[in-house]
Amino acid sequence: MNIRTCAALFTLATAIICCQQNDQYDAADGLSAISAAGLEGTIKVLASDEFEGRRPFTKGEQKTLSYLEEQFKALGLEPGNGTSYLQEVPMVEITPTADTIMTVKGGKNTKLSGFKDYVLWTERTDSVIIWKDEDVVFAGFGVVAPEYNWNDYKDLDVKGKIVLVLVNDPGFGGTDSTFFKGNTMTYYGRWTYKFEEAARQGAKGCLVIHNTVPAGYGFWVPQNGWNAPHLYLDPRGQNKYFCEGVGWISMPAVEKLFDAAGLDFNALQSTARQPGFKGLDLGLKVSTAMQVRSVFNKTYNAIAKITGSEKPDEYIVYSAHWDHLGIGKPNDAGDSIYNGALDNAGGVASMMEIAKAFKAMKNKVKRTVVFLSVTAEEQGLWGSGYYAQHPVYPIGKTVANINLDFINAAGETKDVTVIGMGQSELEDYLKEEAAKQNRYLAREPNPVIGLYFRSDHFHFAKVGVPALFIGTGIDHVGKGKEYGKQFEDDYNKERYHQPTDEFTPDKWDLSGARQDAELLFQVGKRLAFEETWPQWKSGSEFKGAPRAGR
């Protein structure tokens, strides 16, 4: 072998070794930077009364954004939007004042009472909305799903009419997982989809028929929105059609309507679950009105990043909403500040700890890692929705989204709850990293309520970006599943969206939140170094929404 050949072989071997080294990373690199104390410190600030519940358009928002910018800078993170840490999100606050009565003519004339029988609001900024003898149509589940050969609006004229639709989707209550995923809700089951589809069909209004089990909550939840302010993205200049009125109607009120029309609601409800169902005009006319006050304003997403060394134009996005419900109705103790400690000061704190871990790494990530704290999640996922439509970083170059909403304050668990299991290959990454923590993946306990469509990762999924969302596990290390389930149930009953979701370290064990933050850091770290892109799984409804530019 001559000298020239030896030199060539040496060069090739060196290149292979370097390539292998670049493809690998130290699994422990940066991990020790994540701590329960760090989580507690961030939550203590964001969930304090001083931040007034972090509602958009308030002093609480201003304090929150200032704090996030300070923390991003302190961690040495780069501004995520050019030279700024903020992305402006134009919005409108629409406050309806709906009439307290809806009159119904036809068959047996009757009246429905606002708040008690129905809740009505609008996505329009009109000053007055009047329904005068509007036709009422029953459109089954209000679903148009070509992949399931399903169209509730086929041969049904709803233009300029009021549509009644069932909550959830036709698969609810069934065992056939290939028919709308059976008892696991698809996006077609969400009330937001119902309003969107009714608008696409040209309806004047859409009322979702409430039923506690398929909805996942009681009628009191929509009742909380009666004549209350609603936040939306600023629609000006978009030329987009919205229904004049949208909302919910109670089951007793619906039965009263169908009785007035001489129809059996229960029979029609059963028929609506069968292929070939035909919607129908109820032969009723309804009248009511709303006064509308609209205030246009701006809120902000907060964004920071760590630029990748080799693939700076490919992005892994961590998201966590910073907002909560602000100051509202006092509880029995007279507390009116909805602090949102675990929801979602905890999620923001986890994202900060993960950012801290990435900055502490000795090896620089190949891909850019983005930390996105979005606004107005509690008001309708609007901050993430705006980002998905006006991305700072191209959607076609966004590798994945990892969302943090709620944290585990009960202590370490053996399980990891996957919200929307079966959606993307990110779950395979999660499974492998969880195994290194001696943990296993568990399905969400109540898939019928569609949690996968109720946090900010959903808007990434809608535009084709694989998105991962985990819940708090319940298989507690040392105390078992019963303890973990009880802790979760107590939180949902006593604290969720109430002033009692406060900073209470004496009742928390944040080792579980630290454990989850470490896990999601490891998933993101792997994504930041590898060459491949995670994909949607074959059963996902988002598989047909490829990332633009890919």
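A polar contact is a pair of N or O atoms within 3.5 Å, where, within protein, one atom must be able to donate a hydrogen and the other to accept it. With that in mind, and remembering that the structure shown above is a predicted model, we can begin at one residue, N339, and then move through the rest of the chain. N339 is found in the loop between β16 (337-338) and α9 (341-360), and its side chain reaches the backbone oxygen of A47 at 2.9 Å. Because its relative accessible area is 1%, N339 counts as buried. If its neighbours within four places in sequence are left aside, the residues in contact with N339 include L46, A47, S48 and D49, as well as H324, P499, D501 and E502.

From this buried polar residue we can turn to the nonpolar interior. In soluble globular proteins, nonpolar side chains tend to be buried together. Here the largest nonpolar core has 95 residues, and those with the most contacts inside it are F138, L164, I209 and I249. To see what surrounds one of these, take F138: apart from neighbours within four places in sequence, F138 is in contact with a set of residues that includes L156, L164, L166, I209, F258, L268 and F277. Apart from this core lies another, of 64 residues, among them A33, V399, I470 and A517.

The next stop is strand β2, which spans residues 86-98. Since 10 of its 13 residues are buried, β2 is largely enclosed by the rest of the structure. Which strands does β2 pair with? With strand β13 (residues 280-306), β2 pairs in the antiparallel sense over 13 bridges, and along this pairing T97 stands opposite Q291 in β13. Four bridges join β2 to strand β11 (residues 230-233), again in an antiparallel arrangement, and there M91 stands opposite L233.

Helix α4, which covers residues 191-200, also has a buried side, with Y193, K194, F195, E197, A198 and A199 all listed as buried. What covers these buried residues includes the strands β5 (118-121), β7 (144-145), β9 (162-166), β10 (205-209) and β12 (245-249). Just after the helix, G202 takes a positive phi of about 85°. Within α4 itself, R200 forms a salt bridge with E197, the closest N and O atoms being 2.9 Å apart, and because the two residues are three apart in the helix, they are separated by about one helical turn. The partners differ in how they meet the surroundings, for R200 counts as exposed at 54% relative accessibility, whereas E197 is buried at 6%.

That pair is one of 26 salt bridges in the model, and two others show how such contacts can link parts of the chain that lie far apart in sequence. The side chains of D281 and K161 meet in a salt bridge with an N to O distance of 3.9 Å. D281 lies in strand β13 and K161 in the loop between β8 (150-151) and β9, so this pair ties together parts that are 120 residues apart in sequence. D281 is partly exposed, with a relative accessible area of 37%, while K161 is buried, with a value of 15%. In the second case, R526 and E432 meet through their side chains at 2.6 Å, N to O, and this pair links helix α14 (residues 511-529), which holds R526, to helix α11 (residues 426-436), which holds E432, across 94 residues. R526 is buried at 19% relative accessible area, and E432 counts as partly exposed at 44%. Salt bridges that share partners also join D157, K161 and D281 into one network.

Finally, we may ask how many disulfides the structure holds. The count is zero, and the cysteines C206 and C243 help to show what lies behind it: the nearest cysteine sulfur to that of C206 belongs to C243 and is 6.0 Å away, whereas a disulfide requires two cysteine sulfur atoms within 2.5 Å. Both residues nevertheless lie in the interior, since C206 counts as buried at 0% relative accessibility and C243 counts as buried at 2%.

Technical notes: Residues numbered from 1 in each chain as written. Predicted model: local features only at pLDDT ≥ 70, side-chain atom pairs only at ≥ 80, totals over all residues. Heavy atoms only, no water. Buried < 20%, exposed > 50% of the residue type's maximum accessible area, 1.4 Å probe, protein only. Contact = heavy atoms within 4.5 Å. Core = buried A, V, L, I, M, F, W, Y, C linked by side-chain atoms within 4.5 Å. Pairing = 2+ DSSP bridges. Salt bridge = Lys/Arg side-chain N within 4 Å of Asp/Glu carboxyl O.
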